[in-house]
Amino acid sequence: MNWDEQMQLWNQAAATVLDVRYKVLWEGQDLLSYQLPANIFLLVVSGSAYVRIDDHKCYLKRHHLLHAGKGMNVDIMPAKHEFSFYLVYYKAVLPVSKPAASLIAQPQSFGHFYHVILPEPGLVHSLVRRMYEEWQQSGVLAQIRMKSMLFEFIYELFSQLKNSKDRGSPSDLVAYALRYIHEHYTEAVSMDQLADLLGCSSSYMYRLFKAEIGKSPNDYIIGIRMEQARQFLLTTKLNLREIALSVGYSDVYYFSRLFKKQFGVSPLQTRKRESEDNALHLNPLNTSLSSIVPPMTLSYNQNVNENHSHDEGEIQLISNNRSKSSMTALVMLCLSLLISACQAGDGINASTESKGSPSSETRMYKHKYGETEIPAKPKRVVTAYHLGHMLALGERPLGAATYILQYSKDAMDTTGVVDLGAPLNLEKIADLEPDLIILIEAYLEPSGGYEGFNKIAPTVVIEANQDPVKDIRLIGDLLDKKEEAEQWITKFQDKIAQTKERVKQSFGPDETFTILNVRSEKARMIYRDRNMGGNILYSYWGLKPQEKVLKDVINGIDDESSYLDITEEAIPEYVGDHLIVAAASSAQESVDKLMASGLWKNLDAVKNNRVYKIDFDQFLFNDPIFAMKQVDILADVLTKKR
């Protein structure tokens with residue numbers, strides 16, 4: 001794309017905003033064959049999706065922006081469980097009398113397709129969000145304001161793209177890599193992700209980084225994480241596991257080894273030394289604190305179990321050659337300082353408690369949007385997404401989002417759970433008077449952002465892990481239902497063990513499996529080890545994925561994605577000895593058409609009668625209630641023919 005040409009075009013344009021929308025699509029809620037009524041900008045807020053615009057195909061995720069022209073056909077298929085985005089519809093024309101009209105030969109000057117990764121996404125995101133909020137207003141002044149905001153958005157977009165167009169030079173590539181690493185060091189940043197983001201090969205990116213910085217990107221990331229962890233150790237009371245998680249490590253032992261390798265001492269020893277230094281500095285007998293108190297001989301005893309040995313001794317507080325009066329005065333001084341310190345300490349504790357420190361009724365909870373004081377035993381909970389998780393723990397939420405309620409109504413008892421709408425209705429939530437709100441990120445944007453919810457009740461924003469064990473532990477912790485969560489996990493593990501034995505008796509150790517989802521004539525997906533039965537098949541039961549499924553899908557696609565979007569012609573490359581076909585009832589016509597094709601009939605799995613059908617809707621969600629049912633369904637389907 002020639003950005004200079006586009007800038008000249010917009011400099012002469014008259015433009016009008018036609019609509020601004022915020023949408024959340026869930027996996028299975030595909031937007032297919034939608035013909036654009038106007039030009040659009042699409043800005044991704046959360047999640048990821050496969051998108052087709054006419055003949056263009058791209059994979060969109062957070063901070064990506066796409067432009068498409070009026071009349072183009074759009075297909076959007078969420079690749080993560082949820083995909084949220086803004087759509088800005090606009091019309092732009094060039095004055096006929098202006099010579100700029102001859103600058104662009106194409107009749108639809110504003111109708112080009114392009115897809116970019118924003119260098120400074122926060123600024124663009126803020127502008128589009130303000131446009132969405134302003135669009136809710138009415139009147140001429142609001143329309144004028146929208147025009148000015150559109151051009152403000154255009155200015156920021158092309159300013160960033162112009163400044164980044166030369167980033168293919170080595171120094172610029174490394175500079176962008178550094179900025180990305182500093183913004184995302186708590187996440188799993190791989191060389192492939194970094195290279196893909198910057199449009200170069202991973203080997204080239206590695207060589208440039210090593211040449212300019214003197215260390216590999218991975219070593220640089222570890223250095224940033226360890227330095228941040230050291231600051232947490234010295235300035236906070238977070239425990240070791242909390243610190244490890246905050247800098248991107250789920251394994252606290254691995255984190256500790258890296259920390260010791262970086263600084264030469266373990267994390268706990270770092271905190272201990274800092275504590276001892278502070279104690280020595282605050283000790284009223286420390287002679288360095290005052291030139292008035294005469295120096296006293298001290299023998300410092302430090303016991304450190306780190307391959308070092310020190311002589312043990314006692315601290316000699318008062319020497320025998322002092323007079324009784326001086327000794328008495330010194331003792332009185334020490335006592336008075338000690339009492340003052342204790343009183344000050346009590347004051348500090350009381351002050352901290354009054355400011356929201358954990359008590360018997362509340363506790364501090366760290367989540368994606370910071371640290372929030374929440375009830376230790378919440379009783380009135382609103383959850384947008386984790387309906388099944390709460391019900392599995394014997395807790396009925398006050399309300400849940402429309403889509404989650406609609407999807408769950410046939411699988412679980414949702415009686416009394418209020419439909420909170422889509423987007424979530426803040427007034428409805430406030431009327432319920434919750435003492436805790438549990439959200440995932442996709443629900444924040446259209447309802448005023450995090451603060452809008454947090455003003456109603458303490459609000460935590462957590463991930464939808466698509467892992468029933470991880471998620472029920474997370475909700476069990478939030479609701480003070482840890483014991484109930486572990487009981488459910490034990491039952492689930494027992495079910496996995498029983499069905500695994502039954503399934504493994506039916507198949508050889510080298511037989512391979514593939515999960516194919518058919519949604520429409522154009523939509524064909526190969527699923528990984530996350531949902532749609534893939535977690536049960538590959539992770540829980542340990543059955544073998546087809547070789548290309550393992551390489552291209554399970555190990556090869558972006559970690560956010562649940563599946564790989566493929567063409568119909570590529571299906572034979574991915575089909576193993578056994579083929580599981582997932583489809584909703586609405587896609588039956590597309591399934592029948594595929595099964596009538598010669599391509600289908602020539603598959604070995606089809607010829608050998610090793611095709612198994614499951615209901616897409618029953619396997620889409622991974623909450624504990626659905627998960628229990630999915631294990632039995634899949635075991636029955638696979639063993640029925642054996």
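In this predicted model, the lining of the second largest pocket is made up of 11 nonpolar, 6 polar and 7 charged residues. The volume of this pocket is about 490 Å³. Of its 24 lining residues, those closest to the centre are Tyr 407, Ala 584, Phe 616, Asp 617 and Gln 618. Three helices each contribute at least two residues to the lining, namely H13 (402-408), H24 (616-619) and H25 (624-640). Helix H25 gives the most, with 4 residues.

Tyr 407, one of the residues closest to the centre of the pocket, also belongs to an aromatic cluster. The other members of the cluster are Trp 26, Tyr 385, Tyr 403, Tyr 443, Phe 621 and Phe 626.

In total, 29 aromatic pairs were found in the structure. A pair of aromatic rings is described by how far apart the centres are and by the angle between the planes. For Tyr 86 and Tyr 132, the ring centres are 5.7 Å apart and the planes stand at 55°, so the pair is classed as tilted. Tyr 86 is part of strand S8 (residues 82-93) and Tyr 132 is part of helix H2 (residues 121-135), so that the pair links distant parts of the chain, 46 residues apart. Both partners are buried: the relative accessible area is 0% for Tyr 86 and 13% for Tyr 132.

A further tilted pair is formed by Tyr 527 and Tyr 563, with ring centres 5.4 Å apart and planes at 45°. This pair also links distant parts of the chain, with Tyr 527 in strand S18 (residues 524-527) and Tyr 563 in strand S20, 36 residues apart. Tyr 527 and Tyr 563 are both buried.

Strand S20 (residues 563-566) also takes part in a salt bridge through Asp 565, whose partner is Lys 57 in strand S5 (residues 56-61). Side chains of opposite charge can pair when their charged atoms come close. Here the N to O distance between Lys 57 and Asp 565 is 3.2 Å. The two residues are 508 positions apart in sequence, so the salt bridge ties together parts of the chain that are distant in sequence. The partners differ in accessibility, since Lys 57 is partly exposed at 45% relative accessibility, whereas Asp 565 is buried at 5%.

The whole structure contains 24 salt bridges. Another of them joins Arg 230 to Glu 227, where the closest N and O atoms are 3.2 Å apart. In this case both residues lie in one helix, H7 (residues 217-235), and are separated by 3 residues, about one turn of the helix. Arg 230 is partly exposed, with 26% relative accessibility, and Glu 227 is likewise partly exposed, with a relative accessible area of 31%. A salt bridge is also found between the side chains of Lys 482 and Asp 477, with an N to O distance of 3.6 Å. In addition, Glu 27, Asp 30 and Arg 519 are linked in a network of salt bridges.

Charged side chains are also placed over aromatic rings. Arg 230, the partner of Glu 227 in a salt bridge, lies over the face of Phe 263 at 5.6 Å from the ring centre. The charged end of Lys 366 is positioned over the ring of Phe 232, at 5.3 Å from the centre of that ring.

How values were computed:
Residues numbered from 1 in each chain as written. Predicted model: local features only at pLDDT ≥ 70, side-chain atom pairs only at ≥ 80, totals over all residues. Heavy atoms only, no water. 1 Å grid on protein atoms, 1.4 Å probe; cavity = no way out; pocket = protein on both sides within 12 Å on 5 of 7 lines; lining within 4 Å. Points joined across faces, edges and corners; volume = space filled by probe spheres on them. Nonpolar A, V, L, I, M, F, W, Y, C, P; charged D, E, K, R; others polar. Salt bridge = Lys/Arg side-chain N within 4 Å of Asp/Glu carboxyl O. Buried < 20%, exposed > 50% of the residue type's maximum accessible area, 1.4 Å probe, protein only. Phe/Tyr/Trp six-rings, centres within 6.5 Å; stacked < 30°, edge-to-face > 60°. Lys NZ or Arg CZ within 6 Å of the ring centre and 35° of its normal.
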